[in-house]
Amino acid sequence: MSFCSKVKEELINISDIKPCCALAEMYGLLLFGKKFSKSEIYINTENEAVAEKYRNVARRLSVSEVGVKKFSSGKYRVTVDKAEGRLKILNAFGLSGTERSRRINWANINNDCCFSAFLRAVFLSCGTITDPEKGYHLEFSVPYSLKNDLKRILEEVELEAKEIKRGNSYIIYFKGSEDIVTFLTLTGANDSVLEYLGVKVFKDVRNNVNRKTNFENANFDRTLNASLRQTEAIKALKESGKFQKLSPELKILAEIRLENPDLSLGQIGLMLDPPLSRSGVNHRLQKIIELSQ
Ligand SMILES: [Zn+2]
C-alpha cells in the first residue's frame with residue numbers, strides 16, 4: 001500500500017467527530033470532487049475507501065442512489081445521477097444551484113475546530129502525498145475557481161502553499177517536510193506523522209553519514225596523492241645516486257615512507273625515534289622532494 005493510501009485510510013477511520021465538524025467534512029469531500037454543480041456532481045479517485053465514503057455521504061444528502069463505476073485503470077467514479085439529488089446536496093450546503101462559480105461557502109465551516117475536518121476531507125478528495133522515502137511533496141489538484149479559496153484556508157492554519165498550473169487544474173502544494181507534518185498533524189493523521197518523521201530522521205542520519213564518508217574519502221585521497229609524490233621523489237634520489245648524500249634523519253624518514261605509503265604524516269612521525277610532529281615530518285619530506293628536483 002502506498003504511503004498516500006495509508007494516510008487516506010487513517011483519515012477515513014477518524015471517528016468521534018463533532019456535528020459542526022461533520023458538516024464541514026462532508027462539504028470539503030463533495031466540493032473538492034471533480035465536479036460540484038447543478039448539472040454534475042462526481043468524484044474520480046484511485047482510492048476505494050474514498051469512493052465508498054463519498055458514496056455514503058452523497059447518498060445520505062441527496063436521498064438518492066449514487067452510482068459507482070470502476071474503470072479498467074483501477075480508478076473509481078462516483079456520480080450523483082439524479083438532478084433532484086444534486087439539488088438536495090447543494091441545498092444542504094446553503095447553495096441554490098444558480099451560483100456562477102464553485103467557491104468555498106464559509107458558512108459551512110463554522111468554528112475553528114471545523115478547519116481540520118474540512119481540510120482532511122479536501123485532502124481525501126483531491127490530495128496526494130509522495131512517499132517520504134522518495135521526496136517531500138503534498139499537493140491538491142483543484143479547479144481555478146477554488147485555488148485561492150484553498151490557499152486562503154491554508155493560510156488560516158499558517159500554511160503557505162505554492163501553486164502551479166497542470167493541464168486544466170491548479171496544483172496547490174507544499175515541498176517542505178515541516179509544512180507536510182503540520183498539515184498531517186492538523187488533519188489528525190497521527191500514525192502517518194510518526195511514520196513520516198521516522199523516515200525523515202533516518203534519511204537525515206543517512207545523509208550525514210554519506211557526507212562524512214565523502215569527506216573522509218577526500219582526505220584519504222589527499223594523503224595518498226601526497227604519499228605518491230614523496231615516494232617518487234625518494235625513488236628518483238636512489239636512481240640518481242643522491243640518496244646516499246642525504247642526512248641520516250632524512251634517510252630514515254625516506255625509508256619509513258617507502259615502506260608505508262598509506263600512513264599519514266602524523267603516523268609516520270610516531271614511528272621515528274624520537275617522535276616528530278606532523279609538521280616536522282612534512283618539512284623533512286618537502287626537503288626530500290626539493291633535493292630530488
Ligand atoms: Zn467543528
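Buried means under 20% relative accessible area, exposed means over 50%, and partly exposed sits in between, using a 1.4 Å probe and protein chains only. By that yardstick, Glu158 is exposed because its relative accessible area is 73%.

A quick word on ground rules. This is a predicted model, where local features need pLDDT of at least 70, side-chain atom pairs count only at pLDDT 80 or more, and totals for chains, interfaces and linings use all residues. Residues are numbered from 1 along each chain as its sequence is written, and side-chain values use heavy atoms, with hydrogens and water left out.

**Odd backbone spots**

Back to Glu158: this residue has a phi near 60°, a positive value in a residue other than glycine. Glu158 lies in the loop between helix H6 (144-156) and strand S7 (162-166). Helices (H or I, at least four residues) and strands (E, at least two) are DSSP runs, numbered from the N terminus. Val63 also has a positive phi, about 45°, without being a glycine. Val63 is in the loop between helix H3 (48-62) and strand S3 (66-70), and counts as exposed with a relative accessible area of 63%. Then there's a cis peptide bond between Asp273 and Pro274, with omega about 0°; Pro274 is in the loop between helix H10 (265-271) and helix H11 (278-292). Why bother pointing these out? Most residues other than glycine have a negative phi, and most peptide bonds are trans.

**The zinc site**

Which protein atoms hold the zinc ion? The donors are the SG atoms of Cys20, Cys21, Cys113 and Cys114, lying 2.3 to 2.4 Å from the zinc ion. Donors here are N, O and S atoms within 2.8 Å of the metal (3.2 Å for Na, K and Ca), and sites may look incomplete because water is not among the atoms. The site is tetrahedral, with angles of 100 to 124° among the four donor atoms; four donors earn that label if all angles lie between 85 and 135 degrees. Along the sequence, the donor residues are spaced C-C-x91-C-C. Cys114 is buried at 0% relative accessibility, whereas Cys113 is partly exposed at 26%.

**Salt bridges**

A search of the whole structure turns up eleven salt bridges, each being a side-chain nitrogen of Lys or Arg within 4 Å of a carboxyl oxygen of Asp or Glu. Here are some of them:

| Pair | Closest N and O atoms |
|---|---|
| Lys53 and Glu25 | 3.2 Å |
| Glu139 and Arg166 | 3.1 Å |
| Lys151 and Glu163 | 2.9 Å |

Lys151 is in helix H6 and Glu163 in strand S7, twelve residues apart, so to speak a link between distant parts of the chain. Glu163 is partly exposed, with a relative accessible area of 32%. Lys53 and Glu25 are both buried, and these two are linked with Arg120 in a network of salt bridges. Glu139 is buried at 9% relative accessibility, while its partner Arg166 is partly exposed at 48%.

**The sheet**

Four strands form an open antiparallel sheet in the order S1-S2-S4-S3. The edge strands, each pairing on one side only, are S1 (35-36) and S3. Two strands pair if DSSP finds at least two bridges between them, and S1 and S2 (residues 41-45) have two, in the antiparallel sense. Phe36 stands opposite Ile41 in S2. Val80, found in strand S4 (residues 76-80), is buried with a relative accessible area of 1%.

Definitions and conventions. Four donors count as tetrahedral if all angles lie between 85 and 135 degrees; four count as square planar and six as octahedral if opposite donors are over 155 degrees apart and all others between 65 and 115; anything else is irregular.
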